[in-house]
Every structure is written in structure tokens, then in C-alpha cells.
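Biologist: Could you take me through one part of this protein in close detail, and then place that part within the rest of the chain? I would like a careful, connected account rather than a list.

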Amino acid sequence: MGASSYRSSYQSYLNRQSVEGDQMNVILIVNVAEGLQKYMKRSNMQTVFNKLSPLTLSGPVKVVAQQDGSFYLLPPFTHENTHTYMKEHIYGLDPARGEKTDLFSKLFTTSELTHLIWFTDEEVTPYLPKITSMHAPHLFWNFISIKGSPLRCTEKAPKNVTLTHAPKVSSLATSVLYRKIFNKFTQYINKTDLPMSGRVRVMQTEDRSASQQVVKGSKTTIEPRNLKIGIGWKTSEGECLTAGMLLANNRLPDAESIAFFGNKSTIGMTHVDGRELPTEDMELFTVNLAAIGQAGPDKVLFTLVMPHGVPEELYLRLMTYDNRELLRYDVDMSACSGNTALELGSLYAYKDQWRFNAIGNGYDAGMELVAEHYGIPDLTTTYSFTPEVLEEIALDGRTFEYQMQDLFTKLGYDVEVPTSDPYAPDYGVDLIIIKGGVRRAVQLKCFSNVVPVRAVQEVYAGAKMYDCDSYLVVTTSYFSRAALQMAEQLGVEVWDKTQLTKTEERLRSRIGVSPEHELKLKLSKLDSEDEVDIDISAFLVNEHDRCAGEDDFVFYNQPDHPSGCVRLINDNVWEKLLILDLAKLPAHCTRIVVVGSLDTYKRKVELTIDNELDLYHTFEYMPSAVCDTLVLGQFRKIDGEWAFTTSETYFAGGLEEACRAYGLEVG
């Protein structure tokens with residue numbers, strides 16, 4: 001990759017971090033002791049300088065050579081000399097040829113924040129008193145070990161000094177090194193209360209000069225554009241969560257039309273956890289009004305769930321993408337006491353215009369009542385809106401690893417485990433999956449809180465240890481905004497809880513079958529030494545989920561369908577066999593619903609389908625604690641092709657209730 005590609009890549013990175021590069025004053029310091037020169041040349045440290053070339057985007061970078069406690073100012077580091085700088089100005093040359101300078105008194109005369117990147121391999125401790133005595137908190141010192149070994153420091157370093165252990169020099173390692181350097185710099189700036197004169201504005205500058213303060217009930221015309229909706233609050237206990245809902249004719253079309261921490265994006269809208277952003281907003285939504293309007297919804301409703309009580313302060317504000325605040329709505333919290341959910345405000349279409357309505361209405365039953373009001377009473381059974389998911393708890397990571405090995409095997413991958421020793425380092429790679437000659441490094445995060453950016457960085461860096469060409473991070477939770485940004489930049493695929501669930505359901509709940517082959521379904525007990533009486537039944541239903549008559553019900557007293565489509569074999573108490581010939585399905589029937597019953601609650605059962613050509617699929621079921629009859633699945637056409645799909649439907653009233661559900665009278 002050429003220098004121009006590096007510059008383009010890191011310019012994009014700087015833009016996302018909103019760093020005003022023209023306010024940065026960067027200085028590179030290189031220890032050029034004879035032993036280190038040989039090591040740098042042998043390890044081709046030129047690649048490090050190649051990737052540091054974006055630092056020259058705002059002008060030349062000062063370079064200082066260090067030798068035996070003396071410092072010499074070398075020719076500046078520029079975009080033009082990127083590829084030859086080490087050879088022409090460092091390797092094998094006497095640093096004394098440069099202008100000698102006093103590093104700690106004469107070099108820093110600027111009021112701008114200066115980032116010093118110091119490559120060395122000696123003990124850092126002697127320099128700490130000098131750095132502290134300068135009383136210059138706007139100077140950030142980043143010591144980096146040339147050989148990759150830990151730098152020696154016997155004292156606690158000041159806040160504006162950080163030590164970075166560079167990985168073994170390579171193209172990949174220098175990418176990681178650059179992010180380490182810059183991330184530590186931005187973290188220091190964001191956490192340090194420095195005056196704006198003499199520091200880089202890392203957080204985005206916001207223009208509030210034209211912001212409009214609105215009150216409850218007001219309706220303000222908004223220019224249709226891409227917007228950011230920031231929501232912030234102040235609370236001393238518990239946690240609050242926001243959700244953005246797309247409504248059409250004041251109804252929520254489906255559960256996918258809502259964006260929150262558990263479903264990060266929907267049509268034209270993305271949820272962002274603002275806790276990782278240098279902003280006052282706790283959570284943020286990006287909204288594309290044009291895309292939403294084209295898709296059909298005419299309203300975007302913003303809600304807040306507060307299960308632990310109302311916050312002390314609460315606001316919602318609208319901003320443009322370039323951070324110009326358009327309006328701000330401060331919610332009157334005195335009118336919200338006793339509520340556990342709030343409708344904060346909405347963007348809605350009115351006569352070819354978009355408007356913002358400041359609502360501030362409360363509910364005392366959380367998100368469940370909000371969703372019911374807009375047409376989906378069971379939304380909270382699909383998603384969990386309890387903030388406890390943000391708290392990390394100890395989960396069984398080893399079990400999760402075994403489950404994922406099984407999942408990837410079913411997806412057609414060959415699965416390798418990097419090491420069988422649980423105490424050996426895995427370098428951020430838990431599994432290696434192989435398909436079509438491509439090796440993919442996988443990191444598994446069995447979390448209940450959001451996964452940090454570190455997980456993405458680890459699998460990206462560790463993949464080369466195992467000759468992997470691509471990367472994947474899978475979690476039982478969700479990813480932080482920073483992790484998603486880093487994954488996009490590095491090309492790391494991520495599966496959060498929603499994606500993982502969909503993959504598992506798609507694999508488990510649907511298999512293709514052919515009407516040209518006879519199918520055998522075997523229902524049997526699982527892991528039970530006791531005798532369990534199991535029954536299997538089949539309902540042949542029409543498009544309205546109704547049986548045309550009693551002949552369309554196959555069970556132990558009527559084991560054969562007149563058409564020969566379904567036959568039941570009852571020759572074993574422990575197992576029951578159902579044989580199907582889909583080619584003989586009567587014209588008035590569209591689906592075959594398979595129901596299982598057993599005489600013991602909480603007893604696991606399994607259904608094995610002998611799909612054509614000796615291909616077996618097995619599904620496990622756990623009946624609920626209050627019923628013993630459940631729908632095992634159904635045979636139906638999907639996109640013109642026959643498939644078997646599973647179900648989670650139970651009948652508390654046993655087989656009799658199932659008969660009534662499918663239109664049969666029970667005598």
C-alpha cells in the first residue's frame with residue numbers, strides 16, 4: 001500500500017474523530033543509539049514512518065534525534081520524504097550533524113497542544129522529573145519501545161505521559177501501533193480539563209447560536225435532511241434507555257421498525273450509545289428523513305424507558321450532521337413523577353413538510369404499554385428493554401464456545417481450536433473456521449453488556465498468528481459504537497445478539513425438503529431413563545389454519561390420512577414415527593402441522609427428520625412447566641419450495657385445545 005493510500009485511510013480516521021489537524025503540533029523523537037539503529041534497520045522501521053505520514057497532512061513534522069542524553073533537530077518529516085526518511089536521515093548517520101537543541105526548554109514555544117511521539121528503548125524514569133517541571137499539561141508524551149519490549153519506568157508516570165509497547169514491526173503491527181498512539185492521545189484530551197487555547201478540540205465543535213428552545217406541545221417545522229437526535233439525562237440511580245420507533249398511520253408496522261441498544265438500526269435510523277462519544281448526549285440517533293419517507297413511515301417517535309424512576313434532568317435536541325443544533329427540548333420532570341416510560345417527541349410528516357412535536361407524555365407500565373398503544377402488545381417478548389443488559393455478568397464462556405463450534409459446523413465450516421490448553425494465550429482468537437480455502441479468525445464474547453472496541457482490535461491483530469485472511473467477532477450481547485466503527489474500518493465482521501439469534505433460528509427452524517422423497521419423522525425421549533409415553537399428531541390445514549374435517553387430523557386413533565399423505569406408526573411407547581408423502585397432499589390443504597404430546601412436564605424430547613438422501617436433521621424441544629403439548633413444526637411452502645419450520649407454540653389444554661385451535665370440535 002502506498003503512502004497516498006495510508007493518507008487517505010487515516011484522513012478518514014481523523015475525520016471520524018473530528019480532530020482539527022491544523023491545531024496539532026507533532027514532534028517525533030527517535031533514539032538513534034548505534035544498537036538501536038541496527039535493530040531499526042533490520043526490522044524495517046521505515047514501515048512505521050510510512051504509516052505516520054498522515055501526521056504531515058497539516059504541514060511538516062519536527063524530528064529530533066536522541067543520542068546519549070543529547071538532542072539534535074533533524075530535517076522535518078514531510079509527505080515527500082516519507083519513504084526515504086529513515087535511510088536519508090537516521091540509518092548509519094551521525095545525529096550530531098543536526099542542530100543541537102535543549103529538548104525541555106527551547107523546543108516548545110507554541111501555545112498549541114503538542115503531541116510528542118518518542119521512539120526509544122531506554123529507561124524512561126530519568127525524563128519524568130523534567131517533564132513534570134515544565135508545567136505544560138498541553139504537551140502529551142507518548143513513549144514507544146522500538147524493540148517491542150516493555151519500557152522501564154520505576155516511577156508513576158504523569159497523566160500526560162503514556163508508555164506504548166509496540167508490536168513486532170510489520171504492516172499489520174504498524175496499523176495497530178498508529179491507532180494505539182492516536183487513541184491514547186484522544187483519550188487524554190477528552191479526559192483532561194484544559195483550556196481551549198493550547199489544546200486540540202478532539203470533540204466536535206457544536207454551533208448553538210441558532211438553536212431554538214421549544215416547550216411541551218410545540219410543533220416546529222424541520223427542513224428534511226439528515227439529522228442527529230441527541231438525548232441526555234442526569235440521574236443519581238439506575239439507568240435509562242432510549243428507543244426510536246418508525247410509525248405508519250400512528251402504528252408500529254413490526255418489531256424491526258424500532259431502533260435501540262438491542263436492535264441498532266432500522267430503515268433510515270441508527271441508534272448510537274453516546275456514552276462513548278465526547279458529547280453531553282447519553283444516547284444518539286442518526287435519522288435519514290428522505291429514506292424513511294420513501295419507505296412509508298410518516299412519524300419517528302422517540303421514547304425513554306426509566307424503570308428505576310425519573311431522572312433529575314432530561315432533554316432532547318435536534319442537530320444537523322455538521323453539529324449545528326436546531327432546537328432543544330428540556331422536559332419538565334416534575335410532571336413525570338411515577339412514570340416508567342416517556343414519549344419525548346416525534347418527527348412527523350405534514351403536508352409535504354417534516355415537523356418536530358415536543359410531547360413529554362408518560363406511561364406507568366414501561367415500554368410494554370407504549371408498544372401496545374402503537375399496535376404491538378407483545379413487543380417486550382421480542383426485545384428486552386431492561387437496562388440490566390448493560391451490566392456485565394459472568395456467563396459460561398466455555399459452553400458458548402462449544403455451541404459456536406456446533407453452529408459453524410452446521411453452517412458448513414471446518415472448525416479448529418487454536419489451543420487446547422485453557423491457560424495458553426490465544427491472541428484474541430477462540431476459533432478458526434475454514435470454508436473454500438479461506439481461514440477466518442473468530443473471537444467469542446459471552447457478555448451481557450456491550451462489547452468494547454478491544455475485541456475487534458484483538459481478533460484483527462491475532463489473526464495473522466494463525467494465517468487467517470478474515471475476521472469475525474460473535475457476542476451474546478451488542479457492540480459499542482466505537483467497536484462498530486473500528487470493525488467497519490478494519491473489515492471485521494461482527495455478529496451481535498440479534499444477528500446470532502437470526503442465524504441460529506434460520507439454521508434450526510428451516511430445512512428444505514422435497515415432495516419427491518418420502519419423509520420420516522421420529523419423535524423420541526431425550527436423556528431419560530424413565531419410560532415416557534410420547535404421542536405425535538398431524539393437522540392438515542388450509543390457508544386459514546383450519547382443518548376441513550376430522551379426516552384431516554392424524555393421531556393415535558386415526559393413524560392414516562385417506563389420501564395416503566400422512567401415516568402414523570404406533571409400535572413403540574418410547575418413540576413414534578410419522579411418514580409423509582408431500583406429493584399426495586390434498587389440494588384443499590396448504591400446510592401440515594406436527595404436534596407432539598408427552599405425559600411428563602419439563603421432559604426434553606427430540607424430533608429427527610429423515611430428509612431425502614439419508615440427510616438427518618434433529619431438533620430438541622423442552623415443553624413448558626405448565627403444558628405437555630406443543631407444535632413441533634410444520635411443512636409448508638416458502639417461496640415456492642417445501643420446507644420444515646419449527647415453532648414455539650404450546651397448548652396448555654393438551655391435544656384437545658390443539659384440536660379446537662385448528663377448527664375441530666371435541667366431543
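Modeller: What follows is a close look at strand 19 and the sheet around it, and then at some other parts of the chain.

The model is a predicted one, and its confidence is best stated before any detail. The protein averages a pLDDT of 78, with 76% of the residues scoring at least 70. Over residues 1-6 the pLDDT is below 50, and this stretch has nine contacts in the model beyond its near neighbours in sequence. Residues 388-396 also stay under 50 in pLDDT, although the model gives them 20 contacts beyond four places in sequence. Where pLDDT is low, the predicted coordinates should not be read in detail. As for the whole, the secondary structure of the protein comes to 14 helices and 37 strands, and buried residues make up 50% of its 667 residues. Of the contacts between residues at least 6 apart in sequence, 67% join residues at least 24 apart.

Strand 19 covers residues 341-350, and eight of its 10 residues are buried, so the strand is largely enclosed by the rest of the structure. Strand 19 belongs to an open sheet of six strands, whose order is 9-20-19-16-11-12 and whose pairing is antiparallel. In this sheet strand 9 (219-222) and strand 12 (258-259) stand at the edges with a single partner strand each, so one side of each is left without a neighbour in the sheet. Strands of a sheet pair through backbone hydrogen bonds, either parallel or antiparallel.

On one side, strand 19 is joined by seven bridges to strand 16 (residues 299-305), and the two run antiparallel; within this pairing, Leu-347 of strand 19 is the bridge partner of Val-300. Strand 19 also pairs with strand 20 (residues 353-363), again in the antiparallel sense, over nine bridges. Here Gly-345 stands opposite Ala-358 of strand 20, while Glu-343 faces Asn-361 of strand 20. Strand 19 and strand 20 form a hairpin with two residues between the strands, and in this hairpin Lys-351 takes a positive phi near 50°.

Most residues other than glycine have a negative phi, and most peptide bonds are trans. Against that background, the loop between strand 11 (241-247) and strand 12 also deserves attention; Asn-249 is found there, and its phi is near 55°, a positive value in a residue other than glycine. Asn-250 lies in the loop between strand 11 and strand 12 as well, and has a positive phi of about 65° although it is not a glycine. As to accessibility, Asn-249 is exposed, with a relative accessible area of 66%, whereas Asn-250 is partly exposed at 35%.

Elsewhere in the chain, strand 18 (residues 325-330) contains Glu-325. At 5% relative accessibility, Glu-325 counts as buried, because the cut-off for that class is under 20%. The side chain of Glu-325 is joined to that of Arg-317 by a polar contact of 2.9 Å. Leaving aside residues up to four places away in sequence, Glu-325 touches Asp-207, Arg-208, Ala-210, Ser-211, Arg-317, Leu-318 and Met-319.

Turning to the helices, two packed helices are described by the angle between their axes and the distance between the axes. Helix 11 (residues 453-462) and helix 12 (residues 481-490) pack at an angle of about 25°, with their axes 7 Å apart, and the two helices are therefore roughly parallel to each other. Helix 11 brings Val-453, Val-456, Gln-457 and Tyr-460 to this contact, and helix 12 brings Ala-482, Ala-483, Met-486, Ala-487 and Leu-490.

Further along, the buried residues of helix 14 (residues 654-661) are Gly-654, Leu-655, Ala-658 and Cys-659. What covers these buried residues includes strand 28 (534-541), strand 29 (553-554), strand 32 (591-598), strand 35 (629-638) and strand 37 (650-651). Just after helix 14, Gly-663 takes a positive phi of about 85°.

To return to the part looked at most closely, strand 19 is a largely enclosed strand, with antiparallel bridges to strand 16 and to strand 20.

Conventions
Residues are numbered from 1 along each chain as its sequence is written. This is a predicted model: local features need pLDDT of at least 70, side-chain atom pairs count only at pLDDT 80 or more; totals for chains, interfaces and linings use all residues. Side-chain values use heavy atoms; hydrogens and water are left out. Buried means under 20% relative accessible area, exposed over 50%, partly exposed in between (1.4 Å probe, protein chains only). Helices (H or I, at least four residues) and strands (E, at least two) are DSSP runs, numbered from the N terminus. Contact means heavy atoms within 4.5 Å. A polar contact is a pair of N or O atoms within 3.5 Å; within protein, one must be able to donate a hydrogen and the other to accept it, and residues adjacent in sequence count only if both atoms are side-chain atoms. pLDDT is the predictor's confidence in each residue, from 0 to 100. Two strands pair if DSSP finds at least two bridges between them. Axes are lines fitted to C-alpha atoms, for helices over the stretch in contact, and angles run from 0 to 180 degrees between N-to-C directions. Angles under 35 degrees count as roughly parallel, over 145 as roughly antiparallel, 65 to 115 as roughly perpendicular and the rest as oblique.
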